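User: Could you take me through one part of this protein in some detail? I would like a close look at the aromatic side chains and at what surrounds them.

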Amino acid sequence: MIDMGRFHIVDSLRGMVLALGFLVLSAPSALAIDENEATSFVQGVVERVVALIENDPTVEGRREEFRVILTDAASMSQIGKFSAGRNWRAMDPAQQERYSTLFVDYIATVYARRFEEYSGEKLEVTGSQDLGDRGIIVKSEVAQQGAQPIRIEWLVSDRSGATRIDDIVIEGVSLAITQREEFAAMVAKNGNNIDAFLADLMALSEI
């Protein structure tokens, strides 16, 4: 078992990879990793996050370290584009570059704050499934006192050239699609003005 905290894992890993909606983001390609490697990779990422939460009491410190973990472990460019949805194509190159940076900042900030809810929950890997060219699903559960465990599935692939988490599904809910819907609502609130959306994203990315 891996010690996890109650940082509301249903919410805290949303931006990191990050639901199975990401399965369609990349063209299929052969995978060099196997189920054991994918499982070990997920365990390693979780251990890094737990160490971060336990060792750095400041939101600022957690944000910066989590930003490093995100960059190392997740397909952030791919996830960011998917989360932007059709608004990605509405952006000019300068806006796309700004958004890509702000997306990582936003995710790191939001979840660095949520990590304050850590209280020693446990995550246990329960199995894995090879999906062929789509990647490998690592299945896990988070124990909850007095409640049913939370089911979490991690999609791992090496399509980008390195092993990365492409997606997370929590209790069957697509975190990718949820993030995409939130951003679409933000753009709509700003009258489809991309610069106004980016300004809001920047404000939400600040500590």
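Analyst: Happy to; here is a walk from the overall layout to the aromatic residues, and then out to the strands and the loop beside them. Please keep in mind that this is a predicted model.

Let's set the scene first. The protein contains 8 helices and 6 strands, and along the sequence their order is β-α-α-α-α-α-α-β-β-β-β-β-α-α. Of its 207 residues, 46% are buried.

Now to the interior. The largest nonpolar core has 47 residues, and the members that touch the most others are Phe66, Tyr99, Trp154 and Phe197. Helix H6, residues 93-114, is the top contributor to this core, giving 9 residues. Those four names are handy signposts, and we will meet each of them again below.

Let's begin with the rings. The whole structure holds 7 aromatic pairs. One of them joins phenylalanine 183 and phenylalanine 197 in an edge-to-face arrangement, with 5.6 Å from centre to centre and 65° between the planes. The edge-to-face label applies because planes over 60 degrees apart are counted that way. This pair links distant parts of the chain, since phenylalanine 183 belongs to helix H7 (residues 175-189) and phenylalanine 197 to helix H8 (residues 194-204), with 14 residues separating them. Both phenylalanine 183 and phenylalanine 197 are buried. The two also belong to a single aromatic cluster, together with Trp88, Tyr99, Phe103 and Tyr106. So Tyr99 and Phe197 turn up twice: in that cluster, and among the core residues that touch the most other members.

A further ring has a charged neighbour. Arginine 180 sits over the face of phenylalanine 82, 4.5 Å from the centre of the ring.

Next, follow the chain from H7 towards H8. Asparagine 192 is in the loop between these two helices, and its phi is near 65°, a positive value in a residue that is not glycine. Most residues other than glycine have a negative phi. With a relative accessibility of 58%, asparagine 192 counts as exposed. Further on, in helix H8, comes alanine 196. Alanine 196 counts as partly exposed, with 22% relative accessibility. Its C-alpha lies 9.2 Å from that of methionine 186, and the two are 10 residues apart in sequence.

Phe66 takes us to another helix, H3. In H3, Phe66 is buried along with Val59, Gly61, Arg62, Ile69, Leu70 and Ala73. These residues lie on the same side of H3, because they cover an arc of only 165° around the axis. The length of H3 (residues 59-73) can be checked too: at 1.5 Å a residue, its 15 residues should span 21 Å, and the end C-alpha atoms are 20 Å apart, so the two agree.

Trp154, finally, brings us to the strands. Tryptophan 154 is in E4, where it is the bridge partner of valine 138. Strand E3 pairs with strand E4 (residues 147-157) in the antiparallel sense, over 8 bridges. Their hairpin has 2 residues between the strands, and glycine 146 in the turn has a positive phi of about 75°.

On one side of this pairing, E3 (residues 136-144) also pairs with strand E2 (residues 122-130), again antiparallel, over 7 bridges. Here valine 125 stands opposite serine 140 of E3. The hairpin of E2 and E3 has 5 residues between the strands, and glycine 132 in it adopts a positive phi near 70°.

E4, in turn, runs antiparallel to strand E5 (residues 164-170), and 6 bridges join them. Among the paired residues, glutamate 153 has valine 169 in E5 as its bridge partner. The hairpin of E4 and E5 has 6 residues between the strands, with glycine 161 at a positive phi near 105°.

To bring it back to your request: the buried phenylalanine 183 and phenylalanine 197 make an edge-to-face pair that links helices H7 and H8. Phe197 is also one of the residues with the most contacts to other members of the core, as are Phe66, Tyr99 and Trp154.

Notes: Residues are numbered from 1 along each chain as its sequence is written. This is a predicted model: local features need pLDDT of at least 70, side-chain atom pairs count only at pLDDT 80 or more; totals for chains, interfaces and linings use all residues. Side-chain values use heavy atoms; hydrogens and water are left out. A nonpolar core is a set of buried Ala, Val, Leu, Ile, Met, Phe, Trp, Tyr and Cys residues joined through side-chain atoms within 4.5 Å. Buried means under 20% relative accessible area, exposed over 50%, partly exposed in between (1.4 Å probe, protein chains only). Helices (H or I, at least four residues) and strands (E, at least two) are DSSP runs, numbered from the N terminus. Rings of Phe, Tyr and Trp (its six-membered ring) pair if their centres lie within 6.5 Å; planes under 30 degrees apart count as stacked, over 60 as edge-to-face and the rest as tilted. A charge sits over a ring if NZ of Lys or CZ of Arg is within 6 Å of the ring centre and within 35 degrees of the ring normal. Two strands pair if DSSP finds at least two bridges between them. The expected span of a helix is 1.5 Å times one less than its number of residues. The arc is that of the directions from the helix axis to the C-beta atoms.
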